Amino acid sequence: MAIAIAASVAGGPEVLHQIDLPTPSPKTGEVLVQHTAIGVNFIDTYFRSGLYPWPVESDLVLGSEAAGVVVALGDGVSNYAIGDRVAYTIPNGAYVSERVVDAKHLVKLPDGVSDDVAAASMLKGLTAHYLLHRSYPVQKGQTVLFHAAAGGVGLIAGQWLAAKGVTVIGTAGGPEKCALAAKHGYAQMIDYKSEDFVTRVAEITNGAGVDAVYDSIGKDTIAGSLNCLKTFGTLVNFGQSSGPALDFKLSDLAAGSFTVTRPVLFHFTADRSYLESASASLFEMIQNGTLKINVNQRYDLTNAADAHRALEARQTTGSTVLIP
Ligand SMILES: NC(=O)c1ccc[n+]([C@@H]2O[C@H](COP(=O)([O-])OP(=O)(O)OC[C@H]3O[C@@H](n4cnc5c(N)ncnc54)[C@H](OP(=O)(O)O)[C@@H]3O)[C@@H](O)[C@H]2O)c1
């Protein structure tokens, strides 16, 4: 029997409840994975709250990244063996003690990348990878602004940008978060709860502005983010932690002939060769110490609602994992 955390209706964290599911059998091409650690991500709250369309007819098991051990193989699976340590990131279904996953979504975990770290970094680390290499392929010597710098994606992205020789300015809510981000690659931090980030970016860049803004806050920041860009700069909007930016208009880009993109990780990872190369690169950076993955909150799987409350209340830093 598998234990899962699901929502029957859209709503607040209180809609999350435990259900028992029969242990599934892997079909052709599938692998049964016993989870050891499950990542919590802001996208989980979007599905739970109903911001994103409900993707199933039945109870929705949330969760989009996890690590675990292979315990059974379906027909035709030759590249995994029972006992292999694996991880994956696919939309929903991960808040469960064991599940079947199509083998095409799995990657093997190398020594030196623990299950906790993998569950804390598959979705967030691959997001940092595509943001920096595909959405806006940032170059050494450039200056960028990254919002929510002390968050799960933010702490990974700051370290990765600094390793590339990029000057990265971060924003975060409060002095403690700013101090944490400053230890993870951010050259300058702005406390956007007490400072106007547009004014501060202008001061820091001597009026030049930044080459790109990576904005996952949405409603509260998009207009300001555009005001921080150089002419021909790029806005990468990859989330909406404060809500969707409904006032945004294409004509807003005319202020500086700006480029805007609104990417989604799963479109990148659908390409198996990208999944393999990006996760190899992520794991190498973790193993050689360039990227430190901060698992700063741990909860029992059955307490997933508390993890959601903390994330939405802006009380977390770095990554959060659930232990089944
Ligand atoms: N498009 C994609 O492919 C993709 C993939 C992964 C993640 N994302 C997005 O990236 C963002 C970061 O994800 P994450 O899981 O690492 O979360 P996170 O950054 O750890 O948490 C979200 C942070 O957003 C900030 N925030 C600002 N306004 C907020 C508000 N009104 N309510 C709640 N938080 C607010 C808070 O940091 P401060 O207190 O410092 O402001 C909070 O800690 C999310 O928006 C997520 O949806 C997108």
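**View 1. Two domains, one chain.** In this predicted model, 27 Å lie between the centres of domain 1 and domain 2, taken over C-alpha atoms. Where they touch, domain 1 puts in 13 residues and domain 2 puts in 12 residues. Sort the domain 1 side of that contact by class and you get 4 nonpolar, 7 polar and 2 charged residues. As for who is who, the domain assignment gives domain 1 as 2–122 + 266–323 and domain 2 as 140–262.

**View 2. The ligand and its shell.** Zoom in on the ligand and you'll find 30 residues around it. Gly-151, Gly-152, Gly-173, Ser-216 and Gly-239 are the closest. Four helices give two or more residues each to this shell: α1 (42–49), α2 (115–135), α3 (152–163) and α9 (304–312). If you're thinking about the chemistry of the lining, the count by class is 13 nonpolar, 12 polar and 5 charged residues. Both domain 1 and domain 2 give residues to the shell, so the ligand sits between the two.

**View 3. Helix α3, mostly tucked away.** Here's α3, one of the helices from the ligand shell. With 12 residues, α3 reaches 18 Å from its first C-alpha to its last, close to the 16 Å expected at 1.5 Å a residue. Of those 12 residues, 10 are buried, so α3 is largely enclosed by the rest of the structure. The buried stretch is Gly-152, Val-153, Gly-154, Leu-155, Ile-156, Ala-157, Gly-158, Gln-159, Trp-160 and Leu-161. Gly-152 also turns up among the residues closest to the ligand, while Ala-157 is one of the best-connected members of the largest nonpolar core. Look just past the helix for Gly-165, which takes a positive phi of about 80°.

**View 4. The largest nonpolar core.** This core has 97 residues. Ala-87, Tyr-95, Ala-119, Val-144, Ala-157 and Val-213 have the most contacts inside it. Helix α2 supplies the largest share, 11 residues. Like the ligand shell, this core draws residues from domain 1 and domain 2, so the core lies between them.

**View 5. Up close with Val-213.** Val-213 is among the residues with the most contacts inside the core, so who does it touch? Which residues are in contact with Val-213, leaving aside its neighbours within four places in sequence? They are Val-144, Leu-145, Ser-225, Cys-228, Leu-229, Leu-235 and Val-236. One of these partners, Val-144, is likewise on the list of residues with the most contacts inside the core.

How values were computed. Residues numbered from 1 in each chain as written. Predicted model: local features only at pLDDT ≥ 70, side-chain atom pairs only at ≥ 80, totals over all residues. Near = placed C-beta within 6 Å. Nonpolar A, V, L, I, M, F, W, Y, C, P; charged D, E, K, R; others polar. Domains from an automatic or database assignment. Core = buried A, V, L, I, M, F, W, Y, C linked by C-beta atoms within 7 Å. Buried ≥ 20, exposed ≤ 12 C-beta atoms within 10 Å, placed from the backbone. Contact = placed C-beta atoms within 7 Å. Expected span 1.5 Å × (residues − 1).
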